[in-house]
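Here are my notes on the cysteines and one charged patch, for when you open the file. Have a look at the structure below, then read on.

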Amino acid sequence: SHEVGENNFVVGDNSTFRGKLYNFLNRQDTLAANVFEKFIHFLILGTALLFMVDTLGDYYINSHFQSIMNIIEFIIMVIFTVEYIMRLYSASEDPKHIGFTGKMSYVVGLFPLIDLLAVMPYWMEVPFIASGNPSGQVVKFLRLLRMIRFEKYMNILSFFDDAVNESMDILTVTGFSALLLWIFFSSVLYMTERDTADEDMANYYKTVPHAMWITLLNLSGECPLANYSAAGKVTLGFIGLFATAVFGVPIGILGAGFEESVASHAEDSPDQEETTATSDNPDESKTSSIQWRCFQFVNGIGSKAAILFEMLIYLLIGITVIVGIIQTVPGHENTLSWVEWIAVIVFTIEYIIRFVGASVDPEFSDGTDYNSVLGGITKRMKFLVSFYSIIDLMAILPFYLAYMMPGSWVDNNDEYLRMIRLCRLLKLDKYVPSISLVDDVIRLKRRSLTISCIASIVLWVLFSGWMYLSEHEDHSMEIDNLPLYGCIENCTMSVRYNNFFTSFPLVGIHLTGDFPMVEYDGFGRIVCFFMVIAAIGVVSIPSGIIASGFADIVQSKSKSSNNLPKGGTAGDDWFDIRYRELEGQPPPVSVFGPQMDQLQMSIKIYLDGEPDGTTGTVKRTTFSKIGRVFFFALIIANIIAVVLESIPEVDEYIGNQDGNFFDVFEAWSVFFFTVDYILRLLSARKSREALYSPLVYATTFFGIVDLASIAPWYIQVVLSKTGNLSGDEAKVFRIFRIFRVLQLEDFITAFSKLDNVFRASKDVLKATGLMAIIIWVGTSALFFIFEENNPNFRQCDYSIPLVEVDGEPGCYDFDSTAACNEYYPGMCSQSAFTNMPNTMFYVAVFLGGDWGFVDFTWPGKIVCMFLCVAGIALYSVPVGSLFDSFGAVLGLSDDGDDEEEEGERA
């Protein structure tokens, strides 16, 4: 007999062996069954690890270790085989799987089929390897499919299926449209680029199927090639403006649908925080006055001196970080070293004061009396091993060690120990919580993160194995020399993908949506196609969850202090409040009499029109309309002039001597813009938008833009007349004219809303901005340390051999580029990561999702994977919060309406 338990789950007959076996394997309602299930999980991960290690080859694995691996693999495969047989035998307990037909329906089910594929490869592998057939590698890859068995416990595929089913209609339409766009633009680019003079470009577009590979990347937002013909550039322009958005719709729908399904099933709820009440708050009357004053002073409490000292610490942290960055530039190792001396002395004093005041700090409370000797010692010991204490020590200790031990290891490696000083940025977290909030985010989103991270890891591992199989023997296209990986010249993609572990970080970069490497063969391009279509949207979900969780935490912490005033909107501050107070009030009377009042009002009506109380529109006189059209045309003409003047052929035709057409046009433009600016200042006393104040107008978005549109010209004229401006420097001032595009704001409102946006998101920006800076500077320091002497990024003069020849060392034989230059003065250079400013530029690009370099050292690859997994998401939180606030300011979200309704109910 068969019973049906909760959730329609079949219960086996415990009176028979088959029923007991079925319940043991499927219900996990006993300790033994749970232990067995976890043991199988462990073996699944073990076989995946064995596959990864097996790809290392004979260079890393000797015959003895290989024999041990074979024995372990055999034991595991026997266990998996026995498990599959037991599952197949006990499946008949389910009425759906009784008889031969029922058995076959069980065998072809998703999870039983995965179980079968988990055991078949091992028994199939022996004849493949014995015959020397390389297909044996493909069979080995099937072992990784065992990881899909985790779907039973996380419902990952079910969520994906829900996402597809719920959006099937729109996916069908948009998917078909995306396919048509892909084929169409591939055909167009094939026609425009197949006969181009650039041989490499022509190779990528020699047939339509070849063109579809790069076009796929173009449509996904990537443009790895640049040497297009004129027609090709126009086509790429259309792709960037229109086609990319359409092509991304089905991918975005899949990713968003999956994330929505995960969120709806995960039911995230924040962990209960420990809020154990404590009465260990410092009481001034019961504590040492010195301890109490020290505690207050370093925490900016109780006096203006404490506040100023706290601000000094902020300032010194920022200055010393900047100085530390500058000192990595060759020739500037001792620049502003006196600043470091001052900072170290101040930070040392701060540390001593914190140490003294630690005995009354509630953070280190242990229930003992403040004034007892034991209480003071235990609290200070807790302070010494606390996170911020360690950061404080790391910020000053290397400086003292290098000074007291000249010539020591510390002194000789001062270049790298200076990077530890950048940890001072983490000190700011105690004043503006950012990194410390990550734990809150993880607890808030733990269920969603668990499910999405497992899905991402499984896909990452599967695609890494797939790319290894497709590229580890790919010798079709030549790439740059990779001496660090053992390839001096004639390198191919097989060097990058020579084992699973080298494949893993590269696939991580692709899964962020970036494709800096395109030199793949046909099989590799197919794998990348599936990454673009399906995997990227899923793998990006954990990053999105982290970003949204962080924003939720920060906003919830600041919500109580951000209540909108009646009638207000997101981002309102003193300006908006004062503007509402002036409603219905007449403008102030001029001290120069009624004639000035009349003149100011006439100018105001000419510039801004006059509101019609009945229709709510703005009425303008004919003269006002003509003036408005004239200035609109003048702004557009100035923008066109800036563009045309940058074209060498046009500039040469017009003539770049003084008094040419562009100079005359610029002078007249500045004249009209200056008149307009003066008129607006004069009429500000009658403009409620300027709060009836010329000073307020001058500091608003419009006032600043109006001034910026004319000031560079006057500065240029003055510097030119005094002989302090060369032709090249003058061009910089001329480029400033492009800012006149912002004057179109007077005609089409857009950018002026940014002021409200910044104010609406200031709390989130404060925390997330600090975190973004910490991630940027911190990972830049790590990349600089790890990659400064990476030979993969080293170039030498053509006269220097790549490796040793006849006793002469080669370019790649030196441990560092500096050592290479000592032997071959001025003939060796590093293309990237030469100093901190250079490294920060590249890391900023990485954090933006574009990877210009990928051939890192192993420590660099670990930093790379961190950025792929979490760094890019956390770094992008400030930008995401700006977009959210922009929507709130424009009224595109319902949050403001909901809050307003709640206020009305209250």
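1. C796 is partly exposed, because its relative accessible area is 22%; buried means under 20%, exposed over 50%, partly exposed in between (1.4 Å probe, protein chains only). Its partner C811 is buried, at 2%. The two form a disulfide with sulfur atoms 2.0 Å apart (a disulfide being a pair of cysteine sulfur atoms within 2.5 Å). The pair links distant parts of the chain, 15 residues apart: C796 sits in strand β7 and C811 in the loop between β7 and α38. Helices (H or I, at least four residues) and strands (E, at least two) are DSSP runs, numbered from the N terminus.

2. A word on the source: this is a predicted model, where local features need pLDDT of at least 70 and side-chain atom pairs count only at pLDDT 80 or more, while totals for chains, interfaces and linings use all residues. Residues are numbered from 1 along each chain as its sequence is written, and side-chain values use heavy atoms, leaving out hydrogens and water.

3. How many disulfides does a search of the whole structure find? Three, in the pattern 1-2, 3-4, 5-6, with bonded cysteines counted along the chain.

4. Handedness: the C796 and C811 link is right-handed, with 75 degrees about the S-S bond. The link of C487 and C491 is left-handed at -115 degrees. For C820 and C828 the torsion is about -55 degrees, so that disulfide is left-handed.

5. C864 is worth a look: its sulfur is 4.2 Å from the closest cysteine sulfur, in C868, so too far for a bond.
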